[in-house]
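This briefing introduces a single protein chain to a reader who has not met it before. Please look over the sequence and the structure before turning to the points below.

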Amino acid sequence: MSEPVFVAFATQKGGAGKSTLTALTASYLYYLEGVDVMVIDCDDRQHSQKDYRENDLNVTGENPYLKKVMQNFYRNFGKKAYEIIPVSYTHLRAHETVLDL
């Protein structure tokens, strides 16, 4: 098993595309390259990644066509969706010795 690689997309500017770049990169690595990924969403104010995932689940649950498309997608790749963990700054500071900050 190889060592984990940590990648961060960060800037204080809103609307710069961090969430989009994160979702595209994680999806590419996970679904096309077969790399196990975990997205940690550290934006205390909005947790965009978690919200996007919840919206996707709600929309596909309400639309039979989209539900079938997503079922086929996951069946073709043989994987479930990658994990998204919303984490607050306070939570990170509480675990700084574990994270070696």
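Helices and strands are DSSP runs, of at least four residues for helices and at least two for strands, and they are numbered from the N terminus. The model shown here is predicted. Its secondary structure amounts to 5 helices and 2 strands, and the elements follow one another from the N terminus as α-β-α-α-β-α-α.

**The chain as a whole**

- Of the 101 residues in the chain, 14% are buried.
- About 8200 Å² of the chain is exposed, and carbon and sulfur atoms supply 57% of that area.
- Among contacts with a separation of 6 or more, 64% are between residues 24 or more positions apart.

**The nonpolar core**

- The largest nonpolar core consists of 6 residues, namely A26, Y30, Y31, V39, Y82 and I84.
- Helix α1 (residues 18-32) contributes the largest share of this core, with 3 residues.
- In soluble globular proteins, nonpolar side chains tend to be buried together.
- Y31, a member of the core, is in contact with F73, Y74, F77, K80, A81 and Y82 when its neighbours within four places in sequence are left aside.

**The two strands**

- Strand β1 (residues 38-41) and strand β2 (residues 83-86) pair in the parallel sense over 4 bridges.
- One bridge partner relationship joins M38 to E83 in β2.
- In a regular strand the side chains alternate between the two faces of the sheet.
- Strand β1 shows such alternation: V39 and D41 point to one face and are buried, whereas M38 and I40 point to the other face and are not buried.

**Helix α3 and its ends**

- Helix α3 (residues 64-77) has 14 residues and, at 1.5 Å a residue, should span 20 Å; its end C-alpha atoms are 20 Å apart, so the two values agree.
- The N-terminal end of α3 is capped by N63, which places a side-chain oxygen 2.9 Å from the backbone nitrogen of Y65.
- Just after α3, G78 adopts a positive phi of about 65°.

**Three threonines in different settings**

- T22 is found in helix α1.
- T22 counts as buried because its relative accessible area is 17%, under the 20% cut-off.
- Apart from neighbours within four places in sequence, T22 is in contact with F9, V39 and Q49.
- T60 lies in helix α2 (residues 48-62).
- T60 also counts as buried, because its relative accessibility of 16% is under 20%.
- The side chain of T60 reaches the backbone oxygen of D56 at 2.8 Å, and a polar atom of that side chain lies 3.2 Å from the backbone oxygen of L57.
- Not counting residues up to four places away in sequence, T60 touches L66, K67 and M70.
- T11 is placed in the segment before α1.
- T11 is partly exposed, because its relative accessible area of 39% falls between the 20% and 50% cut-offs.
- A polar atom of the T11 side chain lies 3.4 Å from the backbone nitrogen of K13.
- With residues up to four places away in sequence not counted, T11 touches A16 and K18.

Note on methods
Residues numbered from 1 in each chain as written. Predicted model: local features only at pLDDT ≥ 70, side-chain atom pairs only at ≥ 80, totals over all residues. Heavy atoms only, no water. Core = buried A, V, L, I, M, F, W, Y, C linked by side-chain atoms within 4.5 Å. Buried < 20%, exposed > 50% of the residue type's maximum accessible area, 1.4 Å probe, protein only. Contact = heavy atoms within 4.5 Å. Expected span 1.5 Å × (residues − 1). Polar contact = N/O pair within 3.5 Å; in protein donor to acceptor, adjacent residues only side chain to side chain. Pairing = 2+ DSSP bridges. Areas by Shrake-Rupley, 256 points an atom, 1.4 Å probe, with all protein chains shown as cover.
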